[in-house]
Amino acid sequence: MTPASPRHLLGIEGMDRSTALALLDAADGFFVSNRNPAGKLGTLGTKTVMNLFFEASTRTRTSFELAGKRLGADVVNLGGSSSSTSKGESLRDTVATVDAMRADVIVIRHPASGAPHYVARSTRAAVVNAGDGMHEHPTQALLDAFTIRKRLGRGLEGLVGAICGDLLHSSVARSNTLLLQLLGATVRLAGPRTLLPRDPGALGAPTFDRIEPALEGAHVVMMLRIQRERLGAALLPSLREYSRVFGLSRQKLALARPEAIVLHPGPMNRGVELADDVADAAESAILEQVEAGVAVRMAVLGHCVGKS
Amino acid sequence: MTPASPRHLLGIEGMDRSTALALLDAADGFFVSNRNPAGKLGTLGTKTVMNLFFEASTRTRTSFELAGKRLGADVVNLGGSSSSTSKGESLRDTVATVDAMRADVIVIRHPASGAPHYVARSTRAAVVNAGDGMHEHPTQALLDAFTIRKRLGRGLEGLVGAICGDLLHSSVARSNTLLLQLLGATVRLAGPRTLLPRDPGALGAPTFDRIEPALEGAHVVMMLRIQRERLGAALLPSLREYSRVFGLSRQKLALARPEAIVLHPGPMNRGVELADDVADAAESAILEQVEAGVAVRMAVLGHCVGKS
Amino acid sequence: MTPASPRHLLGIEGMDRSTALALLDAADGFFVSNRNPAGKLGTLGTKTVMNLFFEASTRTRTSFELAGKRLGADVVNLGGSSSSTSKGESLRDTVATVDAMRADVIVIRHPASGAPHYVARSTRAAVVNAGDGMHEHPTQALLDAFTIRKRLGRGLEGLVGAICGDLLHSSVARSNTLLLQLLGATVRLAGPRTLLPRDPGALGAPTFDRIEPALEGAHVVMMLRIQRERLGAALLPSLREYSRVFGLSRQKLALARPEAIVLHPGPMNRGVELADDVADAAESAILEQVEAGVAVRMAVLGHCVGKS
């Protein structure tokens, strides 16, 4: 019943193209059934999904919680300040405990890069990376690809995507760069010099310290969320200055293709990463991303337990 | 399947009598089935209820959570200090996100008067006001009416209700005044002069700065919860003084009708709003209110999704 | 349908042997079905389980939450800083409220010894003690007995159990001593002189202020969790000193029987109560305890509502 070895989703790195496409295709079906449910789905009816969040992320946690519940799973949320981890328990022991409770899927959010990979080595459960520090956020990349495909009505082959903002700290940027390239798009990265990737060549994408050249002719513009705590660390100028130079205005957006769409992983800092009129423009696909998120995570959960 | 336009429950203001009575009648059935469930209800089996609480209110949140679960809905709790709102996201963007996750019903508690109405204009989902600051708390009024009807074994026509306490800040007082009047009762309001409504005439109910005249001959006595934070704001004398003058003792209760019942929205400050022996007296219907609350909210959720 | 009077699980004290064995036998079945579910269980399909936690205990709360959900119950978590109790509501009024919402089972964790017994006197619901201060933690004792039985492949008659650590404050020690004795085992207690039970004779078990004599020839070694807050209270020497004298090393474990197993209620302080190599040794049954916990709590919930 359970597959021989669990099928984790730890990152886009190492994922093959056919797996990515199969997940997007499965999500297509869930996207439709979420809008017009014909009945309660029982796909995960005897399964347990544990949301293990070592960082607050209401949006991602809620999306996974809904995805699990809509598939009929028992979903349990763990984490935050009341968890055993705040009693000094190690990640290893926390995961061993969750595993012993017979979790089928562990969805983990953790500030340390690589934490989900570490966890995957010590559990019978399938592990889904819901964001590990500056490393990967694969379901975000998948939902972004889903949104692009749906909005542009075509595959990603030959598209140009611009990813703009804090590239250094962003798991979203990293996973998206990898997935866009895997699906045949080219990627350009733009951000303040202090926030460019340490090893720009590693991702195989050109980097810019201004956003204009990245935007020119792009089909997809992804704006990254600014973490306000970077300001104190002297990595960022003032928000006003950031917004002026790296924020997306209608004027800058005009450099992209006429049919270009704008993405943001949320929650937005309106007036910082995007001007209000861009956030609410016809080009903005930000709410489609949220809707896609639940469908994609249903596909991922199904995949993890061998039902996809 | 979904009604053409969502059926919100934003307040008692604007509600017609037949809707109010239909909700109370539907709640009658749920009250019975909660006591003796014949089987799991599947009325909301493919629906998603999102509890969006911008203020802590365990009692109300739990009541809605249970109501949703007993109808078979997927229920997700959002809010508190770990939510995106604490990352500076606007109410509008938070609601747009919840909407995009395909919530069918958004139950919202918010400190700002009118927040649910604002939300209702920007979502496909049905919106239920679970308390908006000093404005309305319609499900509380409905459960109070349900309790009165059940306890007195008759409709509300011709009844006299006294609502006592902090009338200025209470959404409970406002919604109850409107609903009691809608259902044919007359209302008297009593409280400290600093806590009377700013525009006493607007509610169409006489106000008193002592509770005795309000109590005389009343069928229903509603005591409001004192928010201790009003003390610091110099709006209240000491708790001891408040209790002596505005608290409900057996002696004061004797002014009401012999069959009068006592209500309180909870949680009670025993010895402040009510004397211990009143809280636990045969006249007290406070626990019936709690039980009615789940049944009424089941009726409301059913109504919102067009299943009532 | 509901039994005439609710079947509480308040403590091991007063439990008869046949009830304990029936619960362990019922848990056997759930242990198997948790590993290989044949389908969704509906045993508690119309029941409501309320987790009322006045102290944080993620592990125990999650275990009960999963147990309820796997039986098909509606499970609601209450407690923590956002609950009504933080608004000054009394335990009695909180419980009356939960009761009025038609909880079928109230699972309560409370710092005050005897709180669950007090609650049981004022509710229609079945009450399960999930730990009441220094008093009892009966489901922990049951899951420990389950683990011993399963791991050693035999009943507990004639076994020798050593319970080591902070015996003074531990509800785990007390419930386990009572249950081990009820099931025919003998118990030895060992801990620092400041942390021995005040009335050592009351439990009918010899006490030692060194762990070596307790370990000699034992079949079961239970290490208790050290609460770091005891350090400030001058009840404990430094952690290093505690570990050296009362921590379980491989060397000390060698005093027990060759087939001896090691238990710990978790979360562990590695290097304090147990050396790392003991925690992870073949003798350690700590993760089996966690797995047993869900099965035992399913048996307890079923028992409480008359389905066992």
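Helices and strands are runs assigned by DSSP, a helix having at least four residues and a strand at least two, and both are numbered from the N terminus. By this reckoning chain A of the predicted model contains 12 helices and 9 strands.

The overall form of chain A was considered next. A compact globule of 308 residues would have a radius of gyration near 19 Å, and the 19 Å found for chain A therefore agrees with that expectation. Along the principal axes, the C-alpha atoms of chain A occupy a box of roughly 55 × 45 × 30 Å. Buried residues make up 60% of the 308 residues of this chain. When contacts in chain A between residues at least 6 apart in sequence are considered, 74% of them link residues at least 24 apart. The accessible surface of chain A amounts to about 11,100 Å². Carbon and sulfur atoms account for 52% of that surface. Among the side chains of chain A, 35 are positive and 30 are negative. The centres of these two sets are 3 Å apart.

The arrangement of the chains was then examined. Two copies of a chain are related by a rotation about an axis and a shift along it. For chains B and C, a turn of 120° with a shift of 0.0 Å along the axis lays chain C on chain B, with an RMSD of 0.0 Å. This is the relation of a three-fold axis. Chain A is superposed on chain C in a similar description: the rotation is 120°, the shift along its axis is 0.0 Å and the RMSD is 0.0 Å.

Helix H2 supplies two residues for closer description. In chain A, this helix covers residues 58-70 and includes A:Thr60. A:Thr60 has a relative accessibility of 7% and so counts as buried, the cut-off being under 20%. Apart from neighbours within four places in sequence, the residues in contact with A:Thr60 are A:Phe53, A:Arg109, A:Ala130, A:His137 and A:Arg297. In chain C, helix H2 (residues 58-70) holds C:Ser63. C:Ser63 has a relative accessible area of 1% and is therefore buried. With residues up to four places away in sequence left out, C:Ser63 touches C:Gly293, C:Val294 and C:Arg297, as well as A:Met101 of chain A.

The part of chain B that precedes helix H1 was described through two residues. B:Gly11 is situated in the segment before helix H1 (17-35). Its relative accessibility of 10% means that B:Gly11 counts as buried. Beyond its neighbours within four places in sequence, B:Gly11 has contacts with B:Glu136 and B:Pro138. The C-alpha atoms of B:Gly11 and B:Ala130 lie 9.4 Å apart, while 119 residues separate the two in sequence. B:Arg7 also belongs to the segment before H1 of chain B. At 33% relative accessibility, B:Arg7 counts as partly exposed, because partly exposed residues fall between the limits of 20% and 50%. B:Arg7 and B:His303 are 296 residues apart along the chain, and the distance between their C-alpha atoms is 7.1 Å.

Backbone geometry was examined at two sites. Most residues other than glycine have a negative phi, and most peptide bonds are trans. At A:Arg102, however, phi is positive, near 65°, in a residue other than glycine. A:Arg102 is placed in the loop that runs between helix H3 (91-100) and strand S3 (105-110) of chain A. With 15% relative accessibility, A:Arg102 counts as buried. In chain C, C:Arg102 likewise has a positive phi near 65°. The loop between helix H3 (91-100) and strand S3 (105-110) of chain C contains C:Arg102. C:Arg102 has a relative accessible area of 16% and is buried.

The second site involves a proline. The peptide bond between A:Gly266 and A:Pro267 is cis, with omega at about -15°. A:Pro267 occurs in the loop between strand S9 (261-263) and helix H11 (276-279) of chain A. In chain B, a cis peptide bond runs from B:Gly266 to B:Pro267, and its omega is near -15°. B:Pro267 is located in the loop connecting strand S9 (261-263) and helix H11 (276-279) of chain B.

Terms used. Residues numbered from 1 in each chain as written. Chains lettered and ligands numbered in written order. Predicted model: local features only at pLDDT ≥ 70, side-chain atom pairs only at ≥ 80, totals over all residues. Heavy atoms only, no water. Rg over C-alpha atoms; globule rule 2.2 N^0.38 Å. Buried < 20%, exposed > 50% of the residue type's maximum accessible area, 1.4 Å probe, protein only. Contact = heavy atoms within 4.5 Å. Areas by Shrake-Rupley, 256 points an atom, 1.4 Å probe, with all protein chains shown as cover. Lys, Arg positive; Asp, Glu negative; His and termini not counted. Charge placed at Lys NZ, Arg CZ, Asp CG, Glu CD. Least-squares fit on C-alpha atoms with pLDDT ≥ 70 in both.
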